[in-house]
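Reader: Please take a close look at the pocket and its lining, and then work outward to the contacts and helices elsewhere in the chain. I would like one connected account, without commentary on function.

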Amino acid sequence: MTAKEDVYKILKARGVVFETVDHPAAHTIDDIEAFGVTAKGEVAKNLFLRDQKGRRHFLVTLQKDKKADLAALGEKLGAGKLSFASEERLMKYLGLTKGAVTPFGLLNDTGHTVEMVFDKTLTGCERLGIHPCDNTATVFLPYTALTSLISELGNPVTVLAL
């Protein structure tokens, strides 16, 4: 399982310029806002979803204020009905716990089976805030640096208007 220190080492090794904000454990966007983290950049909301048969898994990253229409998203992805994946699946596929869902969890997806989905409105973001596999910190980095890392990991990436 990847620790936040591992995420920092990976980003430094890649030459990614990033900022880390430590804060109390945050389980929701409301927590992040209460801690003042959203004032530092665009904080993303992350959802771990599965299709009805549990064969396909999706990590969806969107703007913090957006609500995901799971029926429409499932249709756009050709996955049918989507629902939130269980905490057991979250640990099995991404090595994460509830409240710490993040694209950095793909570092733990050794089978490269989780499909990454980004909200199109995030594509130009220079200071995108996500957890570093731990909900006691937020890392701000360019969207392009994050997608470059994910592409190298080998997970499928889709960008959609959500």
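Author: Helices and strands here are DSSP runs, with at least four residues for a helix and at least two for a strand, numbered from the N terminus. The model is a predicted one.

The largest pocket has a volume of about 590 Å³. Its lining consists of 26 residues, and those nearest the centre are His27, Asn46, Leu47, Gly99 and Val101. Four elements give two or more residues each to this lining: helix H2 (29-34), strand S2 (42-51), helix H4 (87-94) and strand S6. S2 contributes the most, with six residues. By residue class, the lining of the largest pocket splits into twelve nonpolar, eight polar and six charged residues.

H4, one of the elements in that lining, is followed by a loop that leads to S5, and Thr97 sits in this loop. Thr97 has a relative accessible area of 44%, so Thr97 is partly exposed. Leaving aside residues up to four places away in sequence, Thr97 touches Leu90 and Met91. The C-alpha atoms of Thr97 and Asp134 are separated by 8.4 Å, although the two residues are 37 places apart along the chain.

Next come the charged pairs. A search of the whole structure finds seven salt bridges. One of them joins Lys4 and Asp22, with the closest N and O atoms 4.0 Å apart. This pair links distant parts of the chain, as Lys4 belongs to helix H1 (residues 4-13) and Asp22 to strand S1 (residues 19-22), 18 residues apart. The two partners fall into opposite classes of accessibility. Lys4 counts as buried because its relative accessibility, 16%, is under the 20% limit. Asp22 has a relative accessible area of 56%, over the 50% limit, and is therefore exposed.

S1 takes part in a second pair: Arg127 and Glu19 meet through their side chains in a salt bridge, at 2.6 Å from N to O. Arg127 lies in the loop between strand S5 (114-119) and strand S6 (128-130), while Glu19 is in S1, so this salt bridge ties together parts that are 108 residues apart in sequence. Both partners are partly exposed: Arg127 has a relative accessible area of 33%, and Glu19 has one of 29%.

S5 also supplies a partner. Lys66 forms a salt bridge with Asp119, and the closest N and O atoms are 3.1 Å apart. Lys66 is in the loop between strand S3 (57-63) and helix H3 (70-76), and Asp119 is in S5, so this pair ties together parts that are 53 residues apart in sequence. Asp119 counts as buried, at 0% relative accessibility. Elsewhere, salt bridges that share partners join Glu33, Lys64 and Asp65 into one network.

Lys4 leads back to H1, whose buried residues are Lys4, Val7, Tyr8 and Leu11. These residues span an arc of only 100° around the axis, which puts them on the same side of H1. The pattern follows a general rule. An α-helix has 3.6 residues a turn, so residues three or four places apart point the same way. On the face of H1 turned away from its buried side are the exposed residues Lys9 and Ala13. The buried residues of H1 pack against S1 and strand S7 (137-141). Just after H1, Gly15 takes a positive phi of about 75°.

The helix to compare is H5 (residues 143-153), in which Tyr143, Ala145, Leu146, Thr147, Leu149 and Ile150 are buried. H1 appears among the elements against which these buried residues pack, along with S5, S6, S7 and strand S8 (157-160). Thr144 also belongs to H5, but Thr144 is exposed, with a relative accessible area of 52%. The C-alpha atoms of Thr144 and Leu122 are 9.8 Å apart in space, and the two residues are 22 apart in sequence. H5 is followed by Gly154, whose phi is positive, near 100°.

To tie this together, S6 helps line the largest pocket and is also one of the elements packed against the buried residues of H5. S7 packs against the buried residues of H1 and against those of H5.

Conventions: Residues numbered from 1 in each chain as written. Predicted model: local features only at pLDDT ≥ 70, side-chain atom pairs only at ≥ 80, totals over all residues. Heavy atoms only, no water. Buried < 20%, exposed > 50% of the residue type's maximum accessible area, 1.4 Å probe, protein only. Arc of directions from axis to C-beta. Contact = heavy atoms within 4.5 Å. 1 Å grid on protein atoms, 1.4 Å probe; cavity = no way out; pocket = protein on both sides within 12 Å on 5 of 7 lines; lining within 4 Å. Points joined across faces, edges and corners; volume = space filled by probe spheres on them. Nonpolar A, V, L, I, M, F, W, Y, C, P; charged D, E, K, R; others polar.
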